[in-house]
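Q: Please take a close look at one part of this model. I would like to know how its helices pack and how its charged side chains pair.

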Amino acid sequence: MKEIYLDNNATTKVDEAVFEEMRPYFCELYGNPSSMHFFGGQVQQKVDEARKRVAALLGASPDEIIFTACGTESDNAAIRSALEVFPEKRHVITSRVEHPAVLTQCRNLTQKGYRVTEIGVDSEGQLDMAELKAAVDADTAIVSLMYANNETGVIFPIEEAAAIAKAKGVLFHTDAVQAVGKVPINLAASKIDLLSLSGHKLHAPKGIGVLYLRRGTPFRPFMVGGHQEKSRRAGTENAAAIIALGKACELAGQNMAIENTQVKALRDRLQTELMARIPHARINGGAAERLPNTLNIAFEFVEGEAILLLLNELGICASSGSACTSGSLEPSHVLRAMGVPFTCAHGSIRFSLSRYTTAGEIDTVIRELPPIIAHLRQMSPFGREFLKKQ
Amino acid sequence: MWDYTPTVKEHFLNPRNVGDIPDADAVGEVGSLACGDALKLYLKLDDDKDKIVDAKFQTFGCASAIASSSALTEMVKGKTLDEALAISNQDIAEFLGGLPEEKMHCSVMGQEALEVAIAKYRGHEVKPHDHDHDHGPAYPDQEGTIVCKCFGITDVFLKKVIETNKLTTAEQVTHFTKAGGGCGGCIPRIKELIAEVMGKQESEEPRKRPEKLSNMKKMQMIQEVLERDIRPLLWADGGDLELIDIDGPKVQVAFRKACAGCSSSGFTSRVVEQKLRDLVAEDIVVEEVAA
Ligand code: FES
């Protein structure tokens with residue numbers, strides 16, 4: 001059985017060209033980029049090239065790129081740095097629908113006596129800008145808001161949010177892990193101070209991330225030790241992964257148009273066909289601006305894990321906003337924050353595509369999913385009542 | 001990915017006895033759409049009304065909920081009502097070759113539906129079940145007071161599950177019953193129930209108001225109580241609150257979301273005030289501000 005992989009917001013396949021680029025840096029060119037000799041020097045050169053490639057994708061300058069281990073490290077570093085730089089400021093602003101890399105950290109801060117404001121979202125998952133405006137004050141050390149939501153794909157008006165923070169002299173960080181490579185970002189023309197990205201979401205390997213730090217932004221490192229990354233992130237560079245990420249960013253820049261035409265067209269077809277074939281379904285965040293690759297769809301009267309496992313039997317990999325798959329019992333915090341009714345939230349499924357997704361794969365899902373939902377509804381007491389009324 | 005046994009998988013992919021029995025002798029229904037799982041169980045008795053000759057089910061829920069229901073219907077067939085009543089949730093889990101602990105609540109749901117069905121058949125009063133509301137009682141026949149508001153679970157039911165499964169931590173209770181798996185507001189009470197049932201002392205000391213507090217410490221404690229004790233409760237009802245300022249004994253808060261403009265926010269701020277007085281300082285006055 002060949003798998004149909006539609007869980008690209010969880011992680012992506014490493015592009016073959018990316019893999020080829022990193023391959024020599026394991027067994028042949030394994031020097032330490034910090035070494036003085038030529039053997040390390042050639043790795044250093046390649047790391048510098050990668051830095052330039054990442055910077056080019058973001059419209060940033062290479063010295064604004066700090067390589068980290070992952071998106072989570074970047075998120076943690078950004079927020080911790082702000083609190084250390086401004087010890088007198090005791091307030092942090094984020095949103096209710098952030099990735100746990102930000103949300104957990106912020107919730108932990110409340111235990112340490114910080115005030116944390118979690119901005120809400122509307123029923124489409126869009127940020128409440130009035131609430132944000134009201135929340136920023138002189139005590140705020142940093143505003144951290146995601147660029148695009150991993151579950152629904154909803155894109156926040158991040159420049160507008162950054163402008164609100166900057167107007168009051170507050171640092172602005174965005175977790176752009178899901179957005180980089182899918183939507184154009186130009187940091188040179190932006191008010192964003194700090195931005196996090198993660199390699200494995202854009203066809204680079206797992207275990208490599210970036211923290212963008214605008215030139216002139218005060219910063220305290222999260223990891224200290226050696227002088228790597230201009231003393232902003234100690235620890236021997238993960239050279240092969242950095243080189244891979246550089247290549248992946250270059251490719252992402254070249255393929256951005258494909259994400260927004262080909263991938264989006266497939267996503268839209270999946271959405272339209274499923275909505276036409278399955279009654280009592282709804283798109284979570286469907287009315288908001290969304291990433292071109294993400295579809296979060298809810299089916300009433302059935303539960304997400306059951307759908308997911310039946311898809312799994314057919315080799316189709318998706319993800320679920322249902323409580324049951326995460327080990328927690330409430331539906332995802334994102335869907336809860338959007339006020340998605342429980343009747344739908346339990347039966348929500350996320351499909352996330354990539355440039356490797358084919359029309360044939362989408363056809364298979366369009367063919368296989370409706371009978372799965374019908375089968376589960378037939379089994380569900382609520383589904384049967386509803387079918388009777390039809 | 002959940003780690004399911006081959007039997008669980010088999011009963012999920014090919015569930016036995018799906019459907020209803022129009023002239024069933026006993027029907028038991030537990031759970032709700034809001035809770036994320038529900039089971040309706042139908043039993044048909046023989047002419048002597050002694051043995052179960054047929055059983056069918058309808059389930060809304062995850063793979064293990066479906067598998068547990070399927071297993072249950074297979075297990076009860078041919079049994080007398082009393083024999084069926086002796087089936088515990090452990091028996092259901094064993095029949096399936098085990099369930100991940102996080103999914104034990106599915107087996108509890110099965111056993112509970114069976115009890116409800118038989119109780120109703122025997123004419124014991126069972127309150128009608130209504131699954132249109134958000135979070136109503138998950139096990140509507142259960143006496144007692146609701147402990148977990150998120151999943152509508154009573155103390156009587158919790159005690160029973162704690163006792164039969166020898167549960168010792170709040171986390172286990174959540175895995176077995178779902179109680180505590182939502183806002184978490186009921187976890188302190190769940191710990192008390194474990195202590196009561198298992199005859200052990202609660203691991204955490206009951207929180208008391210401290211004798212003396214520095215200003216700094218007091219402010220910290222106020223924030224802590226708001227975060228730990230108050231906000232989760234408000235979240236459960238779609239509301240929220242923000243701490244605006246602390247000035248001596250005066251604590252200014254603003255209500256957000258559903259709480260903002262809610263007619264009972266005055267009442268809510270009294271609850272907040274009482275909690276702060278109980279846990280931080282006697283003289284605290286809570287003021288609601290519009291900010
Ligand atoms: S009251 Fe029990 S989890 Fe919310």
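A: What follows starts with one helix of chain B and its packing, then moves to salt bridges and two single residues.

The model is predicted. Start with chain B as a whole. It has 10 helices and eight strands. Of its 291 residues, 52% count as buried. Take the contacts in chain B between residues at least 6 apart in sequence: 56% of them join residues at least 24 apart.

Now helix 5 of chain B. It spans residues 104-121. One of its packing partners is helix 6 of chain B, residues 155-165. The two pack at an angle of about 120°, and their axes are 13 Å apart. Angles of 65 to 115 degrees count as roughly perpendicular and those over 145 as roughly antiparallel. Helix 5 and helix 6 of chain B are therefore oblique to each other. Their crossing is right-handed. On the helix 5 side, the contact is made by B:Val108, B:Gln111, B:Glu112 and B:Glu115. Helix 6 of chain B brings B:Phe157, B:Lys160 and B:Val161. By class, this contact has three nonpolar, one polar and three charged residues.

Helix 5 of chain B also packs with helix 7 of chain B, residues 170-177. Here the angle is about 55°, with the axes 5 Å apart. Angles under 35 degrees count as roughly parallel. Helix 5 and helix 7 of chain B are therefore oblique to each other. From helix 5, the contact uses B:Met104, B:His105 and B:Val108. From helix 7 of chain B come B:His175, B:Phe176 and B:Thr177. The residues of this contact divide into three nonpolar, three polar and no charged. B:Val108 appears in the contact with helix 6 and again in the contact with helix 7.

Just ahead of helix 5 sits a link to chain A. The side chains of A:Glu305 and B:Lys103 meet in a salt bridge, 2.7 Å from N to O. This pair crosses between chains. A:Glu305 lies in helix 10 of chain A, residues 304-313. B:Lys103 lies in the loop between helix 4 (89-95) and helix 5 of chain B. Both A:Glu305 and B:Lys103 are buried.

That pair leads to the wider set of charges. Side chains of opposite charge can pair when their charged atoms come close. The count comes to 41 salt bridges over all chains.

Helix 9 of chain A, residues 239-277, takes part in one of these. A:Arg269 forms a salt bridge with A:Asp363, with the closest N and O atoms 2.2 Å apart. A:Arg269 lies in helix 9 of chain A and A:Asp363 in helix 14 (residues 359-379) of chain A, so the pair ties together parts that are 94 residues apart in sequence. A:Arg269 has a relative accessible area of 33% and is partly exposed. A:Asp363, at 34%, also counts as partly exposed.

A second pair stays inside helix 9 of chain A. A:Glu273 forms a salt bridge with A:Arg277, the closest N and O atoms being 3.1 Å apart. The two are four residues apart, about one turn of the helix. A:Glu273 is partly exposed, with a relative accessible area of 25%. A:Arg277 is at 46% relative accessibility and counts as partly exposed.

Chain A also holds a network of salt bridges. It links A:Glu21, A:Lys46, A:Glu49, A:Arg53, A:Lys247 and A:Glu250.

Two single residues of chain A close the tour. A:Thr68 is placed in strand 2 of chain A, residues 65-68. A:Thr68 is buried, with a relative accessible area of 5%. Beyond its neighbours within four places in sequence, A:Thr68 is in contact with several residues, among them A:Glu73, A:Ser74, A:Gly207, A:Ile208 and A:Arg233. A:Thr68 and A:Ser198 are 130 residues apart in sequence, and their C-alpha atoms are 8.9 Å apart in space.

A:Gly225 is found in the loop between strand 8 (209-213) and helix 8 (228-231) of chain A. At 62% relative accessibility, A:Gly225 counts as exposed. The C-alpha atoms of A:Gly225 and A:Thr236 are separated by 9.8 Å, and the two residues are 11 apart along the chain.

Technical notes
Residues are numbered from 1 along each chain as its sequence is written. Chains are lettered from A and ligands numbered from 1 in the order in which they are written. This is a predicted model: local features need pLDDT of at least 70, side-chain atom pairs count only at pLDDT 80 or more; totals for chains, interfaces and linings use all residues. Side-chain values use heavy atoms; hydrogens and water are left out. Axes are lines fitted to C-alpha atoms, for helices over the stretch in contact, and angles run from 0 to 180 degrees between N-to-C directions. A crossing is left-handed if the near helix is turned anticlockwise from the far one by less than a right angle, and right-handed if clockwise. Contact means heavy atoms within 4.5 Å. Ala, Val, Leu, Ile, Met, Phe, Trp, Tyr, Cys and Pro count as nonpolar, Asp, Glu, Lys and Arg as charged, and the others, Gly among them, as polar. A salt bridge is a side-chain nitrogen of Lys or Arg within 4 Å of a carboxyl oxygen of Asp or Glu. Buried means under 20% relative accessible area, exposed over 50%, partly exposed in between (1.4 Å probe, protein chains only).
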